[in-house]
There are 2 protein chains.
Amino acid sequence: MQSREFVGRTREDVRQFNLSIVLRMLHFSGSVTRSQLTSISGLNRSTISDLVSELEELGLATETEGISKTSSGRPSHVVSASDSVVAFAVNPDIDATTVGVVTLGGRVLTKRRILTRLQPSADQAIEIAAKAIQEMRAELKPGTKIAGVGVAIPGQVRLADGVVRLAPHLNWIEAPFGAKLTQLTGLPVSLDNDASLGCRTEFNFGAARGFSDVVYIFGGSGGIGGGAIVNGSQLRGAAGYAGELGHVRIADEKQSDYSGLSGTVEALVRRDDLLEVFRLDSATDEELAAEIDAVRRDKTAKSKPARKLIERQLESMARGIASFVNIFNPQVIVLAGFLSSLFEFDRERVLAEVKANSLDASSEAVLIRSAELGSDLLMIGAAELPFAKLLARPSQFEFAEQKRRVSSS
Amino acid sequence: MQSREFVGRTREDVRQFNLSIVLRMLHFSGSVTRSQLTSISGLNRSTISDLVSELEELGLATETEGISKTSSGRPSHVVSASDSVVAFAVNPDIDATTVGVVTLGGRVLTKRRILTRLQPSADQAIEIAAKAIQEMRAELKPGTKIAGVGVAIPGQVRLADGVVRLAPHLNWIEAPFGAKLTQLTGLPVSLDNDASLGCRTEFNFGAARGFSDVVYIFGGSGGIGGGAIVNGSQLRGAAGYAGELGHVRIADEKQSDYSGLSGTVEALVRRDDLLEVFRLDSATDEELAAEIDAVRRDKTAKSKPARKLIERQLESMARGIASFVNIFNPQVIVLAGFLSSLFEFDRERVLAEVKANSLDASSEAVLIRSAELGSDLLMIGAAELPFAKLLARPSQFEFAEQKRRVSSS
DNA sequence: ATCTATTTGTTGTTTTAGACAACAAATGTG
DNA sequence: CACATTTGTTGTCTAAAACAACAAATAGAT
């Protein structure tokens with residue numbers, strides 16, 4: 001008999017859980033009135049009062065007797081997530097490493113993008129991140145509590161120990177990112193795949209908010225990543241590698257993807273191919289979107305090769321989506337990165353192709369939409385990793401020491 | 001803000017939850033000693049004592065001062081799931097409808113297979129099931145409590161209202177199976193897809209026991225079905241259609257499956273094709289397995305066409321599995337029906353093909369194995385539907401009335 | 001300006017279920 | 001047969017949610 005499943009619950013668990021739901025409401029909505037907390041949770045007024053007091057004492061929430069626009073009656077106190085609880089977010093990528101500070105309320109306080117040479121080694125990225133964190137830490141307001149460091153990795157991450165198994169784009173193999181960054185910063189570090197975090201963030205704050213079953217597909221220069229929300233919780237898999245939707249085979253073609261698999265979505269829907277047809281060396285997602293949109297509007301012969309490529313990619317993408325619809329029966333599919341541009345190129349056609357390649361029942365109610373969150377997505381997503389641990393057991397969470405020591409370097 | 005997620009917990013919830021874990025342990029293991037319950041749950045001895053007493057009073061558990069082989073010390077009481085709590089299980093199929101009675105302890109008390117003409121209508125199947133249930137109900141020991149009726153459907157089921165959306169094999173479309181069977185029997189009826197239930201049962205009692213992330217693929221005469229366990233809970237999707245693993249596209253081929261989709265696993269791995277190459281009109285899984293095994297052993301030229309077909313199917317199956325490995329990163333893949341025979345034909349090759357078509361990290365630890373549970377699989381699986389509701393809130397569950405009335409028909 | 005209805009915050013009390021401690025009961029062992 | 005060990009039982013303790021009563025703060029009506 002497995003033991004994990006059959007662990008009993010005590011009164012302390014109830015308390016932790018209720019503290020957790022209150023803090024989660026604050027985290028996801030910024031600020032909430034006490035009467036809202038009461039009605040949504042279904043708990044008694046006095047219980048909510050008690051819980052909020054405890055969160056205040058823990059330094060996790062602040063209460064203001066602000067204005068709460070209701071019809072009549074005594075106005076309710078507004079409770080907010082404390083701005084003095086923060087997490088560091090790190091996102092190493094091919095040409096730069098981004099580091100930011102995110103508050104428990106979801107605001108990005110600072111963000112720094114540190115350019116590197118192309119394909120930095122893991123050790124280089126770790127040192128850059130550690131340095132930035134140390135500097136930013138010194139600038140924090142006194143009394144600020146640090147929940148930890150969250151890292152979004154463009155590759156496969158073993159969740160158990162924070163080792164980057166493979167990041168083909170960066171050419172990292174078996175890099176113990178988490179352990180080393182912990183060593184350099186003295187802070188607890190959690191890692192996850194960037195697309196998984198993107199999925200989770202769109203689910204928490206963006207286009208997939210309010211749904212319970214979500215498929216997220218992200219297209220970037222490093223390939224196609226994905227994530228899924230299943231019955232309200234993130235798809236992780238045994239070791240954390242789940243959600244590699246780009247590496248699903250959909251055709252016989254020989255062309256292979258960045259991981260060497262052929263006929264996959266990632267092999268057939270390539271950002272580089274689009275750049276090539278537009279004769280661009282590199283482009284931001286906005287620039288690429290503009291090019292694609294220009295093709296959409298221009299119906300003359302001149303844009304034919306580009307149009308054909310876009311349509312071919314769009315069709316491959318739709319085939320992949322159709323399989324995901326059959327597998328997950330999601331309420332919504334969120335497309336991010338340049339996939340969103342492919343979708344906007346011809347929404348009707350994408351929808352039609354998806355329907356044609358999936359079961360009627362599964363596809364009848366599915367929504368397809370573009371991602372909503374922009375450049376702060378990965379900062380907020382990465383910060384969610386340490387915050388998740390805090391949110392799970394608010395009164396037992398131990399913050400990193402805030403005694404700053406003079407760094408020797 | 002979604003409301004469901006943020007509902008607070010009360011002391012009553014704790015009680016229900018603890019009653020639930022105790023009853024679940026009894027359900028999954030048959031019988032357990034009180035000391036085991038204590039150590040596994042982590043609850044206090046006196047609490048377990050109290051919980052067991054309540055379950056006894058509810059008629060859900062029985063306690064015997066039996067022999068518990070421990071080293072020394074006072075022997076512990078053995079607690080078992082009550083045999084007088086049962087559920088009906090129903091499984092309509094193309095040529096017969098099977099109805100059974102299953103105890104909370106997991107024993108199949110009775111099973112009846114009622115032959116029908118080929119492709120019976122839903123109404124016919126419902127009437128057959130209702131009649132069998134009524135007869136079996138009359139034969140139950142007095143005092144037996146009925147948790148409800150669970151139905152395993154070879155097709156897509158809308159979980160919310162128990163409507164069979166599509167069962168291509170049976171040619172059922174939009175059949176309100178649940179409502180009608182409830183009407184005829186007066187019992188609460190729950191439905192689910194047969195492969196989903198198969199998955200769940202292998203997870204609870206069979207080849208996938210003890211894992212948290214499972215992919216299950218079933219091959220039968222009606223096509224290829226599937227199911228998945230994600231982080232310990234069943235993949236359902238928005239409406240309950242998730243897990244249609246057979247309808248995932250893996251190749252360009254034109255050949256289409258029973259639902260009209262082309263190039264899918266179901267289109268390329270067909271039981272009928274195997275029967276044809278063996279010149280069989282029909283065959284049980286055992287007979288088919290024997291044929292396939294004969295080919296395996298016979299290396300002469302004579303069996304060439306069969307061997308080629310088997311190998312082609314095996315390869316397509318492996319391609320599908322590889323995609324599922326990338327998507328779910330499961331600990332184990334369970335193959336059932338004739339897929340298990342394909343696997344046994346050449347385990348090494350299936351494994352090699354899966355590895356070749358999936359990411360190294362995702363596939364490195366994955367196990368592939370054949371299903372363990374035999375003919376009672378769907379009976380136990382279907383019964384799990386009503387039992388699940390009982391297990392979720394033991395002291396609030398309302399059993400069907402046991403006052404038997406003389407049936408008018 | 002005052003009164004009323006309404007809603008919310010606060011405080012003290014009640015209830016419930018798990019934890020704990022002490023003791024009795026039932027086994028194996030030397 | 002004394003002893004150690006484990007388990008069941010019983011009475012008490014404790015923490016946390018519910019509850020009830022009252023005070024406070026608003027909008028709207030007069």
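**Entry 1: domains 2 and 3 of chain A**

I began with the area buried between domain 2 of chain A and domain 3 of chain A, which comes to about 1,100 Å², with carbon and sulfur atoms giving 48% of it. Buried area here is the accessible area (1.4 Å probe) that two parts lose on being put together, summed over both. This is a predicted model, where local features need pLDDT of at least 70 and side-chain atom pairs count only at pLDDT 80 or more, while totals for chains, interfaces and linings use all residues. Residues are numbered from 1 along each chain as its sequence is written, chains are lettered from A and ligands numbered from 1 in the order in which they are written, and side-chain values use heavy atoms, with hydrogens and water left out.

I looked up the bounds too: chain A is assigned domain 1 (12–68), domain 2 (85–196 + 376–392) and domain 3 (207–370); such bounds come from an automatic or database domain assignment. The C-alpha centres of domains 2 and 3 of chain A lie 27 Å apart. I found 12 residues of domain 2 in contact (heavy atoms within 4.5 Å) with 14 residues of domain 3 in chain A.

Which side chains meet in a salt bridge? They are Asp192(A) and Arg236(A), at 3.5 Å, N to O. The rule finds 1 salt bridge across this interface, taking a side-chain nitrogen of Lys or Arg within 4 Å of a carboxyl oxygen of Asp or Glu.

On the domain 2 side, the elements giving two or more residues are strand S8 (156–158), strand S11 (189–193) and helix H6 (194–205) of chain A. Helices (H or I, at least four residues) and strands (E, at least two) are DSSP runs, numbered from the N terminus. S8(A) has the largest share of that side, 3 residues.

**Entry 2: DNA strand D**

Next I turned to the DNA. Of the 27 residues around strand D, those that come nearest are Arg11(A), Arg15(A), Ser46(A), Ser71(A) and Arg34(B); a residue is near if one of its heavy atoms lies within 4 Å. Sugar and phosphate make up 63% of the strand D atoms that come within 4 Å of the protein.

I then checked phosphate oxygens of strand D in chain B. A polar side-chain atom of Ser76(B) lies 2.9 Å from one, and a polar side-chain atom of Ser35(B) lies 3.1 Å from one. For His77(B), a polar backbone atom is 3.1 Å from a phosphate oxygen of strand D.

Which element gives the most to the surface near strand D? My note says H1(A), with 4 residues.

How values were computed
A polar contact is a pair of N or O atoms within 3.5 Å; within protein, one must be able to donate a hydrogen and the other to accept it, and residues adjacent in sequence count only if both atoms are side-chain atoms.
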